[in-house]
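Colleague: Could you walk me through this one? I would like the definitions spelled out as we go.

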Amino acid sequence: MSALPRIRAQRGLVLVCALLLLAATMVIGVAVARGAFALMASARGEGDRIAARAMAQAALRDAERDIAGTAAAGTRAAWFDPAADSAFPAACGNGADDRGLCAAAAPPAWQRVDLAAAQSGVLVPYGRFSGAALAVGSGTLPARLPGYLIEKLEPAGADAAQGGFYRITAIGFGMRPSTYVVLQGLYRRAVQPVPDAPVDGGDEGAGEQETPDAAAPDEPDPAPTTGPGPAPDPPRTLPAGRIGWREIANWPELHARAQP
């Protein structure tokens with residue numbers, strides 16, 4: 001008779017152990033599922049950011065074509081002509097030809113302007129002046145077209161013979177509008193050489209060289225050199241085109257600080 005309570009007690013202990021094992025299994029399963037979903041979200045976010053970075057790179061190249069004048073024509077190309085010496089708008093242009101052109105100021109335009117705004121009359125959308133097309137929309141396509149701003153710089157010691165210096169700030173979006181990457185590049189447009197005037201061969205005596213006057217005194221010989229020596233180094237010039245670029249990861253913070 002004394003064995004029956006002992007058996008019932010043992011049966012109750014087995015039930016408690018089974019419940020504990022089931023609860024532990026459920027906790028482990030939930031942890032594994034949450035980890036898998038977190039990895040999937042991280043991979044999706046990284047892929048979205050890579051796509052946004054590629055779109056920002058495309059906007060940089062589109063802005064370089066804009067500056068070089070290979071894509072634009074007419075009045076737009078005149079803004080980047082060194083001979084025209086046109087001044088960029090102080091508050092960034094928003095017209096048909098000066099859109100996205102900003103003069104150097106403090107704080108700079110790339111901090112003041114909301115690059116991520118859905119409707120921006122200042123930002124130049126991709127292909128606006130180059131005619132290039134880019135598919136956007138839903139699915140795996142970018143949510144919005146990338147865009148750029150161009151600031152005209154005047155570095156210390158630079159003159160008109162060195163060409164024009166421009167700072168490009170481009171933004172690209174991923175599959176979600178909230179995912180974007182801001183890139184910035186420095187571009188130098190070299191001065192185009194002026195072609196030599198053609199020689200008119202129709203006039204008589206054209207191309208003939210004047211003979212020195214016999215009565216003119218002989219010019220003195222140049223002063224002798226002191227001896228052979230190392231040739232002077234040629235002056236260093238920055239390369240034409242893109243000089244460098246960087247990613248501005250903290251652009252939201254810089255934009256917030258630049259607001260009045």
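Modeller: For pocket linings, Ala, Val, Leu, Ile, Met, Phe, Trp, Tyr, Cys and Pro count as nonpolar, Asp, Glu, Lys and Arg as charged, and the others, Gly among them, as polar. This is a predicted model, in which local features need pLDDT of at least 70 and side-chain atom pairs pLDDT 80 or more, while totals for chains, interfaces and linings use all residues. Residues are numbered from 1 along each chain as its sequence is written, and side-chain values use heavy atoms, with hydrogens and water left out.

Colleague: OK, how does the lining of the second largest pocket divide?

Modeller: That lining divides into seven nonpolar, two polar and two charged residues, and among them are Arg99, Ser120, Leu123 and Arg144.

Colleague: Switching topic, is strand β4 enclosed or open?

Modeller: Strand β4 (residues 164–173; strands are DSSP E runs of at least two residues, helices H or I runs of at least four, numbered from the N terminus) has ten of its ten residues buried (under 20% relative accessible area, with a 1.4 Å probe and protein chains only), so it is largely enclosed by the rest of the structure.

Colleague: And which way do Tyr166 and Arg167 point?

Modeller: Tyr166 points one way from β4 and Arg167 the other way, and both are buried.

Colleague: How many bridges join β4 to β5?

Modeller: Ten bridges join β4 to the antiparallel strand β5 (residues 180–189), where pairing requires at least two DSSP bridges, and a hairpin of six residues links the two. Strand β3 (residues 147–153) also runs antiparallel to β4, with seven bridges, and Leu149 stands opposite Thr169.

Key:
On a 1 Å grid over the protein atoms alone, a cavity is a set of points where a 1.4 Å probe fits but cannot get out, and a pocket is an open set with protein on both sides within 12 Å along at least five of seven lines; lining residues have an atom within 4 Å of a point. Buried means under 20% relative accessible area, exposed over 50%, partly exposed in between (1.4 Å probe, protein chains only).
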